[in-house]
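Colleague: I'm new to this protein and would love a friendly tour. Could we look at it together?

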Amino acid sequence: MEQQRTEATESLLVRQGNNNLVYNEENSGVGVGDGGSVAVSDVTTILGLSTFVAACIAFGSGCALGYSSPTQFSIMEDLGLSVAEFSFFGSILSIGSLLGAAISGKITDLLGRKLTPWLLDLGRISLGFTIGIFSYLMPIYISEITTKNVRGRFTAIPALTVGWGISFMYVVGSFVSWRTLALIATIPGLLQLLPLFFIPESPRWLAKVGRDEEIEDVLLCLRGNKADIFNEAAEIKDFVESLKSSSKEGMLEIFQKKYVRQLLTVAGMIILMNLGGVNAFAFYSGVIFVSAGLSRMVGLTTLAATQTIVGIVGILLIDKLGRRPLLLVSTAVLCFSSFLTGLSFFLKELNLWEQGSPVLALIGLLMYTGSTIVGAGITSLLLSELFPINVKGSAGSICNFMGSFTGWIVAYYFNFLREWSSTGAFFIFSAFCCTNFILSATMVPETKGRTLEEIQASVSHSSV
């Protein structure tokens, strides 16, 4: 059986240089194959519609994440909440996310990529639960329906729209009551309902559950009716069959030696990013601005613009420069910006440079927020790229559960850390971001320009 798996892997590695589909990045991915047939189109209407659904879910998740930042003072005043009570309110989203993350991989494997968004709509009563599933589902689904030429930028779109959702809450929350803001946040969930009837299932999930006869139809739908999808369909089927013949289904399969490096890398990045303060910045940006001596309205509006600009730039660059360069830059900036924010509070506590310390805080927050959009998108993308489909569900559940748990810790205890020492809190975040940079620099492979099967065969082969 081991010999059979190795032969299948080597066969796929050899195939990397011999694919007769022509991908032309400079001409929207349309070319002509060896036999004169029309090659795969990287971007089609159905792919755009599928990404729109993912973006709506992401925007709604961003609204949930950003809700507590502009409403903290009004909610505490109207309802008479203490710091501890509001911290519990702010962090309870992460508790729901823990539950969603724990089952996200397996429930997505069971129901498929397309049907799971229906579960998300039904589960909006528990926003954290839906976010826990979304964190795994969206990058997996998009990466499995896109071509290698545009996989990075399309998979990064949900991270950008999460940022837009957070920004939307920041801006609108400055003008409306917290009750009205909660009602407005339900709109993205309604927008995705109709398109759900028209988006296709993931071809790789179809292969996993034995519905091979549907794969070609789905690929034609995604790549264009006249596209030559024979090689892509064969590659997906062959790789999934090799996995079925050489491994078993089950949660413990992910702990095999050949998957340990990927699991430690992705789980480590997600955990360190959360311990680096992502939820603290997302949930409590308003109070951070006020504590630093800045206008909450000006600060939150500027954050919204920064997230949009940096997110778009990241989408444009991710398939050109690659995952590693952008990931290293984003984690380095997260480290520096956290340190800069901590330094601003340090100067304020000592009554030094009173004119400049708020500016340092603003620069630090803007840099951190922009880098988070890029870093979170790449981390989610790597989760979808590095694990083969037989263990992807288990890997997603483990990684997102650990991320949600550490995110809850930061979200709940941040206000207490801030009362202890704002300087110390941001310096701690900086230290975790620095550790994340070291992990990324030493463990993360480049995955640009390769199909999912090529990436997973290569990574598994090097781990044997």
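Colleague: How many helices and how many strands are there in the protein?
Modeller: Welcome! Keep in mind that this is a predicted model. Its regular elements are of one kind, since strands are absent; the tally is 0 strands and 19 helices.

Colleague: What percentage of the residues in the protein are buried?
Modeller: A residue counts as buried when its relative accessible area is under 20%. The protein has 464 residues, and the buried share of them is 58%.

Colleague: What is the accessible surface of the protein, and what share of it belongs to carbon and sulfur atoms?
Modeller: The accessible surface totals about 18000 Å². Carbon and sulfur atoms account for a share of 68%.

Colleague: Which residues have the most contacts inside the largest nonpolar core, and which helix gives that core its largest share?
Modeller: This core has 106 residues, with Ile254, Phe387 and Phe414 having the most contacts inside it. The largest share is 13 residues, and it comes from the helix spanning residues 389–443, α18.

Colleague: Which residues is Ile254 in contact with, leaving aside its neighbours within four places in sequence?
Modeller: Ile254 is one of the residues with the most contacts inside the largest core. Phe387, another of those residues, is also among its partners. With sequence neighbours within four places set aside, the list is Tyr259, Leu263, Phe387, Val391, Ser394, Ala395 and Ile398.

Colleague: How many disulfides does the structure hold, and are Cys221 and Cys399 buried or exposed?
Modeller: A disulfide would need two cysteine sulfur atoms within 2.5 Å, and the number in this structure is 0. Cys399 has a relative accessibility of 0%, so it is buried. Cys221, at 29%, is partly exposed.

Colleague: Where does α7 bend, and what span should its residues have?
Modeller: Helix α7 covers residues 151–172, and 17 of its 22 residues are buried. At 1.5 Å a residue it should span 32 Å, and the distance between its end C-alpha atoms agrees, at 32 Å. There is a bend of about 30 degrees, with Pro158 following within four residues, and the bend is at Ile157.

Colleague: Is α13 largely enclosed or open, and which residue with a positive phi follows it?
Modeller: In α13, 15 of the 19 residues are buried, so the helix is largely enclosed by the rest of the structure. Its end C-alpha atoms lie 27 Å apart, in agreement with the expected 27 Å. The residue that follows, with a positive phi near 100 degrees, is Gly277.

Colleague: What is the phi of Asn351, and is the residue buried or exposed?
Modeller: Most residues other than glycine have a negative phi. Asn351 is not a glycine, yet its phi is positive, about 60 degrees. Its place is the loop between α16 and α17, and with 55% relative accessibility it is exposed.

Colleague: How far apart in space are Ser330 and Val374?
Modeller: Ser330 sits in helix α16 and is buried, at 3% relative accessibility. Leaving aside neighbours within four places in sequence, it is in contact with Ser371, Val374 and Gly375. Although Ser330 and Val374 are 44 residues apart in sequence, their C-alpha distance in space is 6.5 Å.

Colleague: How far apart in space are Thr301 and Ser167?
Modeller: Thr301 belongs to helix α15 and is partly exposed, at 33% relative accessible area. Thr301 and Ser167 are separated by 134 residues in sequence, while from C-alpha to C-alpha the distance is 7.5 Å.

Definitions and conventions:
Residues are numbered from 1 along each chain as its sequence is written. This is a predicted model: local features need pLDDT of at least 70, side-chain atom pairs count only at pLDDT 80 or more; totals for chains, interfaces and linings use all residues. Side-chain values use heavy atoms; hydrogens and water are left out. Helices (H or I, at least four residues) and strands (E, at least two) are DSSP runs, numbered from the N terminus. Buried means under 20% relative accessible area, exposed over 50%, partly exposed in between (1.4 Å probe, protein chains only). Accessible areas come from the Shrake-Rupley method with a 1.4 Å probe; for residues, only the protein chains shown count as cover. A nonpolar core is a set of buried Ala, Val, Leu, Ile, Met, Phe, Trp, Tyr and Cys residues joined through side-chain atoms within 4.5 Å. Contact means heavy atoms within 4.5 Å. The expected span of a helix is 1.5 Å times one less than its number of residues. The bend at a residue is the angle between axes fitted to the seven residues ending there and the seven starting there.
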